[in-house]
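User: Could you take a close look at one part of this model, a loop residue with an unusual backbone, and then place it among the other backbone and strand details?

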Amino acid sequence: MKYLNQSVIKELDAQAYQTTAPYPWLGIPEFIQAERYQALLDSMPETTLFDENFGHKRKFGQASHDRLALEYHSGLALSPAWKEFMQELKSDHYKQFIKRMTGMNRIDLRFHWHYTPRGCSVSPHCDAMRKIGSHIFYFNTTEEWQAEWGGDTLILDDGGEFKRQSSPKFSDFKSAQRANATGNNSLLFSRNGNSWHGVEEITCPEGQYRKVFIVVINKLSFRRSLRNIFSR
C-alpha cells in the first residue's frame, strides 16, 4: 500500500472508537503517508470539474450547505496520484479497516470532494439514515490556511435533547469538540441518533477554499449486493 499508513491503522482501537462520546468519532493524524499526502495536495481536482451547490433547501429548516461539489466516478479526469489513492480506498484492505472500526460488515463506499468558499457553512445536522458514517480527509495546509478562518468539523453534543428532524444553532449545543481540518488529518465518525456535526461560517479570503475529500460509508442495499455478486 503506497498511500495508507499501515502503522497508524494498526494502532487504532475499534472498541475505544465505538464507545466515544457523544457518538463514535476519531481525529486521525497522518492516515496518509506524508510524501503521498503531498502528492495528493499538489494535484487536487480543478474547480472547473465541480458543480455549484448553493441555496438548496434542506429538510427540517436547516440552512443550506453551500459549496462546490464533485462526485467520484471511474471516468473522472484525475491525476495519477489521485487515481492510485482511489484504488487503495476501494481495496479490501481499506474496507476491512472501516468494517473493523464501525462494527458493520455490509458497507457501500461513495466518494466526493467539497470545496467551500468564504461566507459558507455546514449547518448542524445528523446524516441520513442510509449512512453508517463518513471518513473526511482535509486538504488545507497550515501554511496556506489560518486557524481563524474556521473550517474545523465540530462534533456537537446535544445531550439527547434535539430531534434529528430539527434545526438547532451551533450555540444551542451543550458542547462542541473540534476535528483539526488542516494538514494531514482525517476524521472518522459513525452516524447514530444524535450524531450532530457541522462547520461554522468560513471567513477565508475570496478565491480560497476549505478543501475536503469524503468517503461516505453507506449501508449496502440488498439490490446492490446482488449486483456486486453478479458483476464479478
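**A close look at Glu30**

Analyst: Glu30 is partly exposed, with a relative accessible area of 48%, a value that falls short of the over 50% needed to count as exposed and is not under 20%, the cut-off for buried. The model is predicted, and the values here are to be read with that in mind. In the chain, Glu30 sits in the loop between strand 1 and helix 3 (34–41). Its backbone carries a positive phi, near 55°, although Glu30 is a residue other than glycine. Most residues other than glycine have a negative phi, and most peptide bonds are trans.

The second half of that general statement leads to another loop. The peptide bond that runs from Ala21 to Pro22 is cis, its omega being near 0°, and Pro22 belongs to the loop between helix 2 (14–18) and strand 1 (25–29).

Turning to strand pairing elsewhere in the chain, there is an open sheet of four strands, which pair antiparallel in the order 5-10-7-8. Its edges are formed by strand 5 (122–125) and strand 8 (175–179), each of which pairs on one side only. On average, and with direction ignored, neighbouring strands of this sheet are turned by 25° against each other. Within the sheet, strand 7 (residues 153–157) runs antiparallel to strand 8 and is joined to it by five bridges, and Thr153 stands opposite Ala179 of strand 8.

Key. Residues numbered from 1 in each chain as written. Predicted model: local features only at pLDDT ≥ 70, side-chain atom pairs only at ≥ 80, totals over all residues. Heavy atoms only, no water. Pairing = 2+ DSSP bridges. Helix = DSSP H or I, 4+ residues; strand = E, 2+ residues; numbered from the N terminus. Axes fitted to C-alpha atoms, helices over the stretch in contact; angles between N-to-C directions. Buried < 20%, exposed > 50% of the residue type's maximum accessible area, 1.4 Å probe, protein only.
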